[in-house]
Amino acid sequence: MKRRAFVTLIIAILLSTVTEAQTYRWNATFQTYIDQYRDLAIQEMLKYNIPASITLAQGLLESGAGKSELVIKGNNHFGIKCHGWNGRTVHHDDDLTQECFRAYDNALQSYEDHSKFLVNGSRYRSLFSLKRTDYKGWARGLKAAGYATNPAYADRLISLIELYKLYEYDQAKSYDKFMAHHSAVDKPTRGNELHPIHIYNKNYYLQARQGDTYMSIAKEIGISYKKLAKYNERDAKSPLTLNEVVWLKKKQKRADKAYEKRPHRVKRGESMYSIAQYYGIQLKSLYKMNQMSPDDDIHVGDMLRVR
């Protein structure tokens with residue numbers, strides 16, 4: 001009877017592990033985190049040879065896609081505790097009440113410390129003999145080495161990597177330095193959460209919140225507010241409206257390839273400028289593609305080339 005009970009217990013644990021590992025579904029919050037930090041993860045990979053997929057999956061899991069208390073209070077994306085740490089700290093309930101965790105000024109410091117934590121930790125040494133593309137070996141090796149106590153930890157990492165195709169970043173040979181730099185300057189605080197950054201048409205954009213200005217957004221991103229306004233073809237003192245798109249780099253001359261044979265039908269209330277902003281293209285290019293000048297008017301129902 002004891003043996004049967006033991007077998008039943010083991011089966012129950014295995015079933016719960018499988019169920020737990022398979023509960024992930026795609027969601028925008030996780031994708032936004034990936035878009036924001038993938039270049040930082042690639043930068044770390046090229047420097048320390050840790051798969052970017054593993055770094056991103058751990059960041060997603062440990063930080064709740066950047067929404068955890070540890071991130072808000074201490075920019076700690078990987079749940080690394082204070083052992084052997086002489087820097088700033090924060091306290092948080094984990095396995096025990098109010099445990100000590102490392103705190104950082106920004107995400108870059110957290111990602112860098114995570115890399116050094118693995119590189120310098122003797123228990124993780126064997127992982128660096130694995131191929132950079134062996135994310136399953138890395139995930140299982142981290143669990144075996146004791147990075148986390150959850151029995152489903154490796155399966156969770158693998159599930160996230162495969163759901164969001166994070167393994168594609170393990171092939172990267174370069175990264176976007178703009179986004180890596182943005183990660184270095186962000187400082188989330190309670191009640192002042194960073195703007196989610198999105199990717200479209202080979203560019204990055206965010207949506208303005210109530211009270212935002214080009215100056216306030218530029219300060220968060222870490223670039224000149226005059227340059228930011230110029231990217232958006234606006235005066236630097238122009239007011240921003242709620243949910244207005246703000247492009248973070250110079251806009252493209254044409255829309256995404258998906259619009260090769262799909263002209264834009266003008267809707268009520270649209271202007272040439274709003275259409276250019278929507279597709280992330282330069283206003284002068286939109287006029288040129290349609291053989292128009294700024295003196296020409298558009299009307300509801302007009303068809304405009306955007307690529």
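These legends accompany several close-up views of a predicted protein model.

**View 1. Let us start with how confident the prediction is.** The average pLDDT of this protein is 89. A score of at least 70 is reached by 89% of the residues. Please take more care with residues 6-22, where the pLDDT is below 50. Beyond near neighbours in sequence, that stretch has nine contacts in the model.

**View 2. Helix H2 meets helix H5.** To find your way here, look for residues 28-48, which form H2, and residues 107-120, which form H5. Their axes come within 10 Å and cross at roughly 40°. H2 and H5 are therefore oblique to each other, and their crossing is right-handed. On the H2 side, the contact is made by Tyr33, Tyr37, Leu40, Ala41, Gln43, Glu44, Lys47 and Tyr48. Their partners in H5 are Ala107, Leu108, Tyr111, Glu112, Ser115, Lys116 and Val119. Sorted by class, the residues of this contact comprise nine nonpolar, two polar and four charged.

**View 3. Helix H3 packs with helix H6.** H3 covers residues 52-63, and H6 covers residues 135-144. The two helices pack at an angle of about 45°, with 9 Å between their axes. That angle makes H3 oblique to H6, and H3 passes H6 in a right-handed crossing. Here you can pick out Ser53, Ile54 and Gln58 from H3, meeting Tyr135, Trp138, Ala139 and Leu142 from H6. The contact has five nonpolar and two polar residues, with no charged ones.

**View 4. Helix H3 also meets helix H7.** Residues 153-163 make up H7, whose axis comes within 9 Å of that of H3. The two axes cross at roughly 110°, so H3 and H7 are roughly perpendicular to each other. This crossing is right-handed. From H3, the residues taking part are Ser53, Ile54, Ala57, Gln58, Leu60, Leu61 and Glu62. They meet Tyr153, Arg156, Leu157, Leu160 and Ile161 in H7. In this contact, eight residues are nonpolar, two are polar and two are charged. If Ser53, Ile54 and Gln58 look familiar, that is no accident: these H3 residues meet H6 and also appear in the contact with H7.

**View 5. Strands E1 and E2 form a hairpin.** E1 spans residues 89-92 and E2 spans residues 99-102. The strands run antiparallel and are joined by four bridges. Two pairs help you to line them up: Val90 stands opposite Phe101, and His91 stands opposite Cys100. Six residues lie between the strands of this hairpin, in which Gln98 takes a positive phi near 50°.

**View 6. Strand E4 pairs with both E3 and E5.** Begin with E3, residues 198-200, which runs antiparallel to E4, residues 203-207. Three bridges join E3 to E4, and Tyr200 stands opposite Asn203 of E4. E3 and E4 form a hairpin with two residues between them. In its turn you will find Asn201, with a positive phi of about 50°. Now follow E4 to its pairing with E5, a strand of residues 245-247. E4 and E5 are paired in the antiparallel sense, again over three bridges. A handy landmark here is Tyr205, which stands opposite Trp247 in E5.

Terms used
Residues numbered from 1 in each chain as written. Predicted model: local features only at pLDDT ≥ 70, side-chain atom pairs only at ≥ 80, totals over all residues. Heavy atoms only, no water. Axes fitted to C-alpha atoms, helices over the stretch in contact; angles between N-to-C directions. Parallel < 35°, antiparallel > 145°, perpendicular 65-115°, else oblique. Left-handed = near helix turned anticlockwise from the far one by under 90°. Contact = heavy atoms within 4.5 Å. Nonpolar A, V, L, I, M, F, W, Y, C, P; charged D, E, K, R; others polar. Pairing = 2+ DSSP bridges. pLDDT = per-residue confidence, 0-100.
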